[in-house]
Every structure is written in structure tokens, then in C-alpha cells.
Amino acid sequence: MARRIDVTGTGGVRLAAWEFGDPPKLDRPASAEGEPGQGVLLLHGLMGRASHWAATARWLSERHRAVALDQRGHGRSDKPPQAAFTREAYVEDAEAALEQLRLGPAVLIGHAMGALTAWQLAAKRPDLVSGLIICDMRASALGTASQREWADWFKSWPLPFATLADVRKWFGEDDPWVERPNPARGEFYAEVMQEGEDGWRPVFEPEQMLKSRETWVYDAHWEELAQVRCPTLVVRGLDGELGRAEAQEMVRVLPRGEYAEVADAGHLVHYDQPEAWRGAIEPFLDAVRTV
């Protein structure tokens, strides 16, 4: 099952939210609107889409109302050329999703950029957030060189791809950023391609991705992290972009921080090791649910 729910984001941007599993049928409190209790909002990273969370959302739906959001410029959500791609816009979109879907107070689960959005919203609206899971996102500034490398990387993509098999091979093996063959990475990027008359291209506009990224790469985000009052789990892949020392410092800065790492996983933790990912976050979710 995949059920789409339209959400109106800031500036009137139409966003697509998705449920990938049947609502839970457990005995637990219901909201005033009749929805099952604990809500979970899943936020993908830059270039991602809600369907990247499908496997996680399905097992979450056994106990929670789990909704994944295609953020502005991504997936099936609108990609207006003149839309704002600021930090404020992304945070306000997630805020709107929680309110319009009546999910709050909810657990936010974010990967990479989605994790930053999640903790900024948790700092801004503690009444809407009961728990937070940060997956492989740094709090430190990444800097000018990082943004330039990303721009060059987008230019290196051999677009259009003739087939999805070519997509999987390039992102899983041939991409210069790949240190060793990674089939999960190839699958991840195949998920964000669409077929046109000349072949396969991304569902997003690379320029919009760079605009989104430039609003956070030059700044550190420790201060907002320190303002998050709900229980928070910081998860990193052992070979991911978030180093152990920085992850543990994030846990120290968080008023109620916890730490977990997943072996044999890179940046795409929930794609690389889905069972280990579940094992890392499920005890935390259960603890938040019983509070």
C-alpha cells in the first residue's frame, strides 16, 4: 500500500506525503481527531524522496502512524522555479505537515539534510516533537570547498542514462565518489530517476538541490542542536559522513542525547543495512512511546 496525502507547504507549495503501511490496530490512546496515537514523520535527505523510507515506514506502521514527506523540490512534490529553498522553508513545510496531518507531537526521523530540518523544527516547536532521530548529519559547517565539489559532481553525471541498469552501475560503481562497489547506493539513485524521451534523468533539478544546500553548508548548527529538549538519538554509519567524534559531541551537546552506530554502513544507513538500522532505532522509539 502507498497512500498519498497532499499537504500545503509555506508559500503555497504543494507537497506529497505518503503512508506505506496500514494504520496500527494496537490498543493505545487515540488523538481527538480519531487518529492512532504516536505519529512519526520521516524526512529524506538532499536528492532523496519519501519512497526511500518505504521499508522503514512499513514496520513502523505496526505501532505508529508513519508518514514520509516528499520535501519541496523532491519526489512528487512541487518544484516551482521561483520557490524558496531556504532552511526556513524546509522547516516550515515539515511544521505544516505535522499540523495538517495531525501527527504531533510526533517523533521526527531525518536522514542527512532531513535530519537538520528535523532538529531545527524540534528547537522551534517543541510542542510538536516528542522525539528525534538524527541519521548521519553533521552539525559542523562544511564550507565553500564542499559546495564547489557538489556543483562539479552534478556536472560529472553522464546524463541522460540509457537504462536504469546504467544508473545503478554508475552510482554503485563508476561514480568517482564511490570508494568500492555499493549496490545499495545504485538502488538509492535509481529510485530518484524518471524516464523521458531521451533516457533517464533525476526527478529533481540539480540547481534547486544546490540552492537548498547552500543555505546550510556554510554554517554550523550546534546552537540549534542545544535547543532540542526532547529525547534524541544520533545514528551514524560506521563508514558514513558523520565521524564518531563529532557524533559523540552532538550527543553531549544535546540535553537528552543518545548514540548509536551501524556497522558495515555508509551514509545511506537505512539503505545499506536495513535490519541493523531497525535494531538501532527501535528500542529508542519504544522508550519514547512509553513516556
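Colleague: If Ala, Val, Leu, Ile, Met, Phe, Trp, Tyr, Cys and Pro count as nonpolar, Asp, Glu, Lys and Arg as charged, and the others, Gly among them, as polar, how does the lining of the largest pocket split by class?

Modeller: The lining has 17 nonpolar, 11 charged and seven polar residues. A pocket here is an open set of points on a 1 Å grid over the protein atoms alone, where a 1.4 Å probe fits, with protein on both sides within 12 Å along at least five of seven lines, and lining residues have an atom within 4 Å of a point. This is a predicted model, in which local features need pLDDT of at least 70 and side-chain atom pairs pLDDT 80 or more, while totals for chains, interfaces and linings use all residues. Residues are numbered from 1 along each chain as its sequence is written, and side-chain values use heavy atoms, without hydrogens or water.

Colleague: Switching to cysteines, how many disulfides does the structure hold?

Modeller: It holds zero disulfides (pairs of cysteine sulfur atoms within 2.5 Å). Cys135 is in no disulfide, and the nearest cysteine sulfur, that of Cys230, is 16 Å away.

Colleague: Why is Cys230 left without a bond?

Modeller: Because the closest cysteine sulfur to that of Cys230, in Cys135, is 16 Å off, which is too far for a bond.

Colleague: Are those two cysteines buried or exposed?

Modeller: Cys135 is buried, with a relative accessible area of 0%, and Cys230 is buried as well, at 9%; buried means under 20%, exposed over 50% and partly exposed in between, with a 1.4 Å probe and protein chains only.

Colleague: How many salt bridges are there, then?

Modeller: The count comes to 22 salt bridges, each a side-chain nitrogen of Lys or Arg within 4 Å of a carboxyl oxygen of Asp or Glu. In one of them, the side chains of Arg72 and Asp93 meet at 2.5 Å, N to O.

Colleague: Which parts does that pair tie together?

Modeller: Arg72 lies in the loop between strand S4 (65–70) and helix H2 (87–100), and Asp93 lies in helix H2, so the pair ties together parts that are 21 residues apart in sequence. Helices (H or I, at least four residues) and strands (E, at least two) are DSSP runs, numbered from the N terminus. Arg72 is buried at 2% relative accessible area, and Asp93 is buried at 2%.

Colleague: What about Arg168 and Glu187?

Modeller: Their side chains meet in a salt bridge at 3.0 Å, N to O, which links distant parts of the chain, with Arg168 in helix H5 (residues 164–174) and Glu187 in helix H6, 19 residues apart. Arg168 counts as partly exposed at 33%, and Glu187 is partly exposed at 38%.

How values were computed. Nonpolar A, V, L, I, M, F, W, Y, C, P; charged D, E, K, R; others polar.
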